Amino acid sequence: MGDADTDAEETVRCWLVERTYTDRDLIDLVYATPDGSRVRRKQISATIMRQRGAEATAATDVSTADLDPVADDQTRERYRAEVERVRAEYDPDDEL
């Protein structure tokens, strides 16, 4: 197995740090690694979430291959602080 295969199988717990509602009835969710250096962005239809009766969870496990770097120090620090706050207040499976 090559290194790329190994990386794709590794996961890291990421925490919800940002939620934005768009004018197209979409919800943008940003989950960040505990240090705030990498993120996974997800876009979900608000209508589908309402129909399913589902909410975003406080945390999710993300493949390291699906994480994007955070470009600037200020955003990384903001995400790191938000991860600390969410981790202190919620269990990973809590709906937010």
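Select residues 73–89 first: this is helix 3 of a predicted model, and helix 3 lies across strand 1, strand 2 and strand 3 (38–45), running at about 100 degrees to strand 1. With the helix still highlighted, you can follow its 17 residues from end to end, a reach of 25 Å from the first C-alpha to the last, which is close to the 24 Å expected at 1.5 Å a residue.

Now show the side chains of Thr75, Tyr79, Val83 and Val86, which are the buried residues of helix 3. They cover an arc of only 75 degrees around the axis, and therefore they sit on the same side of helix 3. What covers these buried residues includes strand 1, strand 2 and strand 3. For contrast, colour Asp73, Gln74 and Ala88, which are exposed on the other side of helix 3.

**The sheet beneath the helix**

Hide the helix for a moment and look at the strands, which form an open sheet of five with the order 4-1-2-3-5 and antiparallel pairing. Which strands stand at the edges? They are strand 4 (59–63) and strand 5 (68–69), and because each has a single partner strand, one side of each is left without a neighbour in the sheet. As background, strands of a sheet pair through backbone hydrogen bonds, either parallel or antiparallel.

Next select residues 11–21, which make up strand 1, together with residues 26–32, which make up strand 2; these two run antiparallel and are joined by six bridges. Between them are four residues, so to speak the link of a hairpin, and in this turn aspartate 25 has a positive phi of about 60 degrees. Two pairs of opposite residues can be picked out here: tryptophan 15 stands opposite alanine 32 in strand 2, while glutamate 18 stands opposite valine 30 in strand 2.

Keep strand 1 selected and add strand 4, which is joined to strand 1 by five bridges and runs antiparallel to it. If you click on arginine 13, you can look across to its bridge partner in strand 4, aspartate 61.

**A stop at valine 30**

Is valine 30, whose place is in strand 2, buried or exposed? Valine 30 counts as buried because its relative accessible area is 4%, and the cut-off for buried is under 20%. To see what surrounds valine 30, leave out residues up to four places away in sequence and display the others that it touches: Trp15, Leu16, Val17, Glu18, Val39, Arg40, Arg41 and Tyr79. One of these, Tyr79, is also among the buried residues of helix 3, where the tour began. A distance can be drawn as well, since valine 30 and tryptophan 15 are 15 residues apart in sequence and 8.2 Å apart in space, C-alpha to C-alpha.

**Zooming out**

Finally, show the whole protein chain, whose secondary structure comes to three helices and five strands, with the elements running α-β-β-β-α-β-β-α from the N terminus on. The C-alpha atoms fill a box of roughly 40 × 30 × 25 Å, taken along the principal axes, and of the 96 residues, 29% count as buried. Among the contacts with a separation of 6 or more, 62% are accounted for by residues 24 or more positions apart.

As a last selection, take residues 9–96, which UniProt lists in an unreviewed entry as "domain: DUF7967". The end C-alpha atoms of this span lie 27 Å apart, and the span is 28% helix and 38% strand.

Key:
Residues are numbered from 1 along each chain as its sequence is written. This is a predicted model: local features need pLDDT of at least 70, side-chain atom pairs count only at pLDDT 80 or more; totals for chains, interfaces and linings use all residues. Side-chain values use heavy atoms; hydrogens and water are left out. Two strands pair if DSSP finds at least two bridges between them. Contact means heavy atoms within 4.5 Å. Axes are lines fitted to C-alpha atoms, for helices over the stretch in contact, and angles run from 0 to 180 degrees between N-to-C directions. UniProt positions are given in the numbering used here, feature names are shortened, and annotations may be inferred rather than shown by experiment. The expected span of a helix is 1.5 Å times one less than its number of residues. Buried means under 20% relative accessible area, exposed over 50%, partly exposed in between (1.4 Å probe, protein chains only). The arc is that of the directions from the helix axis to the C-beta atoms.
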